[in-house]
Amino acid sequence: MNHLLSHPMRALLFLSLLSCLLTAGSAAFAREDLATATVEEVSVPRVFRLDGVVEAVNQSTISAQTNGQVEAIYYDVDDVVEAGALLVKLKDAEQKAALKRAEADRRAATAVLADARSNYERIKGLFAKKLVARSELDKAQASLDTARAKLDAARAALEQAREQLSYTRVTAPYKGIVTQRHVQVGEVAHPGTPLMSGISLEQLRVTVDVPQSLIIAIRSKGKARVQLPGGRWIAVTDMTIFPFADPASNTFKLRLMLPGNVEHLFPGMLVKTAFETGIAPALVVPASAVAYRSEVTGVYVLDEDEEHIRFRYVRLGDALGEEIVTVLSGLQEGDKVFLDPIKAGVALKRQRRQAREQGNHEHE
């Protein structure tokens with residue numbers, strides 16, 4: 001939860017909490033000289049947690065854009081490819097022949113244009129001397145315009161032929177991992193035939209379905225976190241909220257953009273997400289007061305008579321930094337907890353032994 005607070009706000013909250021807790025518990029336990037802290041109720045961000053699914057921002061299936069037989073395949077499933085790497089090569093004899101024809105047509109159109117321009121200049125000169133009729137000049141002008149148009153068409157055809165030839169070499173649009181190969185060497189590919197699928201792990205995002213009852217608060221706060229494998233939480237600021245709800249589930253889809261190159265995350269993984277939805281009261285204690293006994297979590301509490309120690313089971317909530325934790329159940333405001341669980345445990349054992357000895361003595 002500490003990632004949902006700004007640094008100045010978090011610092012002020014910690015100072016306030018520590019001041020309340022330690023000032024109230026500065027008095028030492030009378031007989032054992034054990035420091036205590038008083039359980040306080042403070043306002044903390046209310047957090048709602050949901051499961052999300054990791055997605056790759058860049059995931060695509062590359063298809064053929066020209067006709068050709070598959071001549072070579074250079075990568076297979078699970079191979080890492082760099083951006084621009086050659087993936088598949090198609091036979092290009094037909095495309096090379098088309099390119100040669102296009103180059104020849106362009107040269108022919110260039111020659112025709114040169115002849116038409118020369119003829120136009122000659123007719124233009126004769127017309128100025130009034131040696132030819134106006135119709136001859138118009139005819140030469142039309143021939144010149146036609147030659148120019150044919151050259152433009154030849155250049156466009158040449159560009160298209162070059163493009164078709166380039167399509168016989170299929171390259172990777174981004175750095176990624178091959179997830180599926182759709183063709184084999186020797187197969188004939190046509191425009192639209194799937195060749196290879198892949199994803200990029202450099203940029204990932206998490207999609208979450210959020211109940212419509214929370215969407216206004218989440219949109220207002222705009223604060224979210226994602227839990228990485230290993231338990232570490234990272235803050236997410238780039239959040240996209242879809243502007244419509246799913247009528248079947250009454251949920252809104254959210255996309256949380258993760259920082260680049262996050263380790264140990266892969267598309268399809270399930271992760272925990274947390275959204276700040278407001279402010280709520282919570283009981284807090286110093287983290288040092290919590291004792292972990294195998295699968296049991298608890299604190300040592302000073303009785304109301306301030307003479308006896310008790311071990312009380314607790315259920316913890318989120319940590320507020322490294323020094324303060326919230327308590328969901330097991331304590332109430334005003335309880336005094338011992339800051340050193342080890343010393344408190346030793347004192348509790350001594351207390352129980354003394355009680356047994358006293359009981360035996362009274363029995364005798």
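Two strands count as paired if DSSP finds at least two bridges between them.

**Overview: a predicted model with five helices and 22 strands.** The protein has 364 residues, and 37% are buried. Its accessible surface comes to about 21,000 Å². Carbon and sulfur atoms account for 51% of that surface. Many contacts link distant parts of the sequence: among those between residues at least 6 apart, 72% join residues at least 24 apart.

**Strand β18 and its pairing partners β17, β19 and β22.** β18 covers residues 296-302 and is mostly covered, with five of its seven residues buried. Strand β17 (residues 290-293) runs antiparallel to β18, and four bridges join the two. Strand β19 (residues 309-313) is also antiparallel to β18, through five bridges. Strand β22 (residues 336-338) pairs with β18 in the antiparallel sense over two bridges.

**Facing residues along β18.** Which residue of β18 stands opposite V290? It is V299. In β19, R312 stands opposite V299. L302 has its bridge partner in β22, and that partner is K336.

**The turns on either side of β18.** Two residues lie between the strands in the hairpin of β17 and β18. S294 takes a positive phi near 60° there. The hairpin of β18 and β19 has six residues between its strands. In this hairpin, E306 has a positive phi near 55°.

**Helix α4, with a buried side and an exposed face.** α4 spans residues 212-221, and its buried residues include L214, I215 and I218. These three cover an arc of only 115° around the axis, so they sit on the same side of α4. The face turned away from that side carries S213, I216 and S220, which are exposed. Cover over the buried residues includes β2 (40-56), β11 (204-211), β14 (239-246), β15 (251-257) and β16 (270-286). Just after the helix, G222 takes a positive phi of about 65°.

**The largest nonpolar core, with 26 residues.** V210, L254, L256, L258 and F275 touch the most other members. At least two core residues come from each of β2, β11, α4, β12 (224-227), β13 (233-236), β14, β15 and β16. β11 gives the most, with four residues.

**V210 and its contacts.** Beyond four places in sequence, V210 touches L50, N250, T251, F252, L254 and F275. From helix α4 (residues 212-221), I215 and I218 touch V210 too. Another core, of 15 residues, lies apart from the largest one. Its members include V88, L90, V183 and A189.

**K89 in strand β6.** The strand spans residues 86-90. Is K89 buried or exposed? Its relative accessibility is 15%, and the cut-off for burial is under 20%, so K89 counts as buried. Leaving out residues up to four places away in sequence, K89 touches Q69, V70, E71, A72 and Y74. T168 and R169 also contact K89.

Methods:
Residues numbered from 1 in each chain as written. Predicted model: local features only at pLDDT ≥ 70, side-chain atom pairs only at ≥ 80, totals over all residues. Heavy atoms only, no water. Buried < 20%, exposed > 50% of the residue type's maximum accessible area, 1.4 Å probe, protein only. Contact = heavy atoms within 4.5 Å. Arc of directions from axis to C-beta. Core = buried A, V, L, I, M, F, W, Y, C linked by side-chain atoms within 4.5 Å. Areas by Shrake-Rupley, 256 points an atom, 1.4 Å probe, with all protein chains shown as cover.
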